[in-house]
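Please examine the following model before reading on. The questions afterwards may be attempted first and then compared with the answers.

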Amino acid sequence: MSDIFGTQKSDGDIPTNNLDDDTAAKTSDSSRSTSNQMMKTTTRTVRDKTQSAHSTGVGDHGRWSTQRIAVYALFSAVAMAASYISISLIPGYTWLTYDPSGIICMIAGFAFGPSAAVIVSVLCWVPHIFTDMSGILGALVAVVVSLAMSVPSAYIYSRDRTRHGALIGIVVSSIIMLAAAIGCNLLITPVYTGWSEAQVLAIIVPALLPFNIVKLIINGVVTFLVYKPISNLLNR
Amino acid sequence: MKWAYKPMNSNINVYAARLQDVRFSYDQGHSWVLDGVDLDIRQGERLCLIGLNGSGKSTLAGLISGLSAPDAGTVELLGTRVFDNNGAHADNYRTAREGIGALFQNPADQIITTKVGEDVAFGPENLAFDADDIDRHVYSALDAVEMLEQIDQNPTYMSGGQQQRVTIAGTIAMSTRMIVLDEPTAMLDHQAQRDVLAVLDHLQSQGVTIVQVTHKPKELRNADRILRLKSGQLQSVDLAKAVQDLSSTSDTSDAKVADSSKIPVLGIRPLEVDPFCHIDKTKKPEEAKEPADMPRATPVHKASGQPIISLKHVSFRYPSADFDTLHDCSMSVLPGESVAIMGRNGTGKSTLTKLIAGLVKPTDGEIEVAGLDLRDLSRRDKIMLRTRVGLVMQQPEHQLFEQTVRQDVSYGPLNQGFTASEADKRASNAMKLLGITDLADRSPFSLSGGQQRLAAIAGVIACNPRILILDEPTAGLDATANECIFNLIRSLQAQGVTIIMVTHSMNQAHHIADRIISLDTEQTATEDNGQETVQANGDMDANGSNHLHIFKTSELKRTGIMTRLDPRVKLVVFLMLTLMMFLVNQPAELLLAAVGTFLITAFSGLKAVELFRSLRGFLILFFVIGIFNMFFVNTGPTLLTLWGLKVTRDGLGLAALYTSRFSLAVLLGIVLLKTTTPTALTDAFASLASPLRRFGLHTQEMALVMSLALRFLPTLANETRSITQAQAARGGSIETGSPMRRLKALAATLIPVFAAALRHSDNLSLALDARCYEEGIHRTHWHAMHVTGKDLIAVALSAAYLTLLLTLKIGLIPMPSL
């Protein structure tokens, strides 16, 4: 079977397990850039059996294969399940709850590229429009925060598929996520509570900052721990 | 049903499938799973394929169903040459697939939507049948599998047998001429197996070609031909030989008492079935442990002393359920004793194992295990319990997560605080006991299903438990793997380990246990056979989160007008109404919004009790936030001071306003979800978003992804809970330990969850292929969406409401301010 990036078997010079290949990082710059280029062109095809030796040719190249539909659906379902876990981190601030869905969005981005991160981040919060007290605005904020965490990391990692690249991606996206989360909270908190601007600004240091820092540490560390084993699963 | 099985109109097609010299390799030709297979399947023939685990039966089934292509050879399906020396012919494959149905082991992975009728209609829609045809096909197909009554129910919450019948209906609704089934009854209990076989017999009588992969002797009964796959080649075998092949002393599921006469059983005395879980409260559990003191066939360890496990009148009920999963169960087990737990699906066997392992707390009654009272465990006691009790859950291979088998097996000992070298020693011992030492350095995910099972069991054994609980450890395994597990149990018995094993097989129970505890009582049996459909491995009702239950509505109330509105109109109107709630901030506006919302609720046809139950969780949350708000806003005159905190009029007013606003918005959301199926909602989204197609967005596919995600949400939530419990039983709990250890525990949970997601997605993509879904195909809809007069009225009413609200806001009607 081909690997998740749809690298065809004929591309024998690319190791099957090309996700996070440290040895590739140590090779000369020129060979690395060609390798990255090839990665880039092949990122779009997800776990695509349509290009394997045993393909029936029915789901041809360029369209969404049933594999891609199925794997996006299941990743979205995991993210949804995770998004309904809510753990209150800061006493009193009941609406600032942690859920692990961000990790799943980041993994989706690492495995299948930024577009998968977008799809999983968006679909995961759609049901919340109707089931959460915060409604559509709350879901929108959650999507923005989730995108801020998963898309930059996916993009950076797609450019540099090494442990180093993963780390940089996670750190950069954490900073972007922190800014996005605090920004969104400043905008949205008054709508829900009727507080004045000064009152909202006053909770940044005691609540918003610590909450989001804890959140990004959990997401970042766990993503870093699991992305490699999961990529091995995908490459089987 | 005649329409479904019309004979082929051309005379060339006496064969449903012809394979010539077919070769198939998974490793580019290093080894051949199929090595020169020749096979002719006649129209209307019923063929059974047997063979050991990993012999290539599923591969062959995939080729016959047209879902994959071989490496070499010629394949003709339904008279169409799909593969030859020139490779695969995509168009021919497409044509052939339309007449071939493929069904796999796990029925749940093949169900696409959350309503039986819509699921059955999925295939016909992909084949672009017109609406009337779809209607006819859906009804006759459901009639054929006797599931017509359940047409509006949600298959997610059905038993495995019912689910498999729904998937069969989904296949025959496509006018399938050949059905290929890969162990369709592997996950089912006896009754469900019989039901599915009855459906197959019916199809056989209708002239449908049936190819069935099986491990079960009784499924061979009506076969026209039995073929055995061995070393990549097919051999014809007769019934007697095949039955002998498939039966063994440790046979998993077919060894019922009635069959055991055929199977050579060596001098096992009959055991008394011990109906422990009865309603008789006068009988003390101690009186009933007598059989334990009877001599065993091979007394390796004499059970004696105080009970190591003792349950007194234990009941368990999932938070959202309205019946006890386990009711008034009393039992006791002596140290060193071996007990088999039997009972039909849904009688609470798995729940009982989790109760004993301390993973769930009883709703009622007392449990004592290894001297610890499980009702109230301190953190230290919990760790102590984990070291004493080992739990092998159903399909334990699903909890594997490490890079190598050795690392995975060492996970438990490391969590118990052993040094790396000691943990490694224990892991080595455990692997030796299970005979998998040679697999130690391989990735657990590269192993066969049977090997994975053994590796997972080794991971529990490595914790050196004094009590070992196994929940159907041999389900789905072949005779060889079974033998490994039985050898293990025997050697643990010799070491004096207490064994509790859940099994469906009386024969296994006889082999292993000193006595049998049956959970089949009148009380549980009634819940088992009716409409109460409980999943085989637990209870879908217990999704942990109280938000998820909102998606569970499968049967919509047909009385209210709300259900009959076009979902697109409804979606837009409700989104607008919910958004407008944020504009509400004066008492008069709040009153208007409340009146509007209550009118909508009244027309929804939903019961007030039901709505309140859905809203209850939110109300508590709003109340808490309201209180918080009250103390936070300090402007306006002070009304009272509590513990030094001021409550002002503004604070109180804001709290009241925002709480009401939230409640109304959530109420609207609940009404929308209770009156619309997830499929209708996603269809509405897709339809509304369809103009975006022009910008290259895959809207139809996104909608399918969304509805599949909603379909699999409860399944994955359930599995996530099982995995969390399994890792907790090995000492890896997210709730205890240092922050880094908790994060590691989270990782140890997430990896198996992803493995599960990928496993489902592999099956699901095959199921989508088998139902002829492709991107960009012309699909028809069973129930097309139409905007009617009712919808226009709804739009007009909400426009009127919006106008009124805005009028109030601009201040045309003067109102006293807050």
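The questions below concern a predicted model and address its interface, its cores, one chain and one residue.

Q: How many residues does chain B give to the contact with chain A?
A: Chain A enters this contact with 65 residues. The area buried between the two chains is about 6,400 Å², and carbon and sulfur atoms give 77% of that area. On the side of chain B, the number of residues taken into the contact is 81.

Q: Which helix supplies the largest share of the side of chain A that touches chain B?
A: Between the chains there are zero salt bridges and two residue pairs in polar contact. Several helices of chain A each supply at least two residues of the touching side, among them α3 (66-83), α7 (135-159) and α10 (204-235). By class, that side has 43 nonpolar, 15 polar and seven charged residues. The largest share, 14 residues, comes from α3(A).

Q: Which helix of chain B gives the most to the largest nonpolar core?
A: The largest nonpolar core has 141 residues, of which Phe75(A) and Leu768(B) touch the most other members. Beyond its neighbours within four places in sequence, Leu768(B) contacts Thr66(A) and Ile69(A) of chain A, as well as Ile112(B), Phe122(B), Leu704(B), Leu708(B) and Tyr773(B). With 14 residues, the helix that gives the most to this core is α22 (residues 739-770).

Q: What percentage of the contacts in chain B with a separation of 6 or more comes from residues 24 or more positions apart?
A: Chain B contains 23 helices and 23 strands. Of its 818 residues, 57% count as buried. Among contacts in chain B with a separation of 6 or more, residues 24 or more positions apart account for 75%.

Q: Is Ser173(A) buried or exposed?
A: Ser173(A) lies in helix α8 of chain A. Leaving aside neighbours within four places in sequence, Ser173(A) is in contact with Met106(A), Ala148(A), Met149(A), Pro152(A) and Ser153(A). Because its relative accessible area is 0%, and the cut-off is under 20%, Ser173(A) counts as buried.

Q: Which residue has its backbone oxygen 2.8 Å from a polar atom of the side chain of Ser173(A)?
A: The C-alpha atoms of Ser173(A) and Asp160(A), 13 residues apart along the chain, are separated by 15 Å. The backbone oxygen in question lies 2.8 Å from a polar side-chain atom of Ser173(A), and the cut-off for a polar contact is within 3.5 Å. The residue that carries this oxygen is Gly169(A).

Conventions:
Residues are numbered from 1 along each chain as its sequence is written. Chains are lettered from A and ligands numbered from 1 in the order in which they are written. This is a predicted model: local features need pLDDT of at least 70, side-chain atom pairs count only at pLDDT 80 or more; totals for chains, interfaces and linings use all residues. Side-chain values use heavy atoms; hydrogens and water are left out. A nonpolar core is a set of buried Ala, Val, Leu, Ile, Met, Phe, Trp, Tyr and Cys residues joined through side-chain atoms within 4.5 Å. Buried means under 20% relative accessible area, exposed over 50%, partly exposed in between (1.4 Å probe, protein chains only). Helices (H or I, at least four residues) and strands (E, at least two) are DSSP runs, numbered from the N terminus. Contact means heavy atoms within 4.5 Å. Buried area is the accessible area (1.4 Å probe) that two parts lose on being put together, summed over both. A salt bridge is a side-chain nitrogen of Lys or Arg within 4 Å of a carboxyl oxygen of Asp or Glu. A polar contact is a pair of N or O atoms within 3.5 Å; within protein, one must be able to donate a hydrogen and the other to accept it, and residues adjacent in sequence count only if both atoms are side-chain atoms. Ala, Val, Leu, Ile, Met, Phe, Trp, Tyr, Cys and Pro count as nonpolar, Asp, Glu, Lys and Arg as charged, and the others, Gly among them, as polar.
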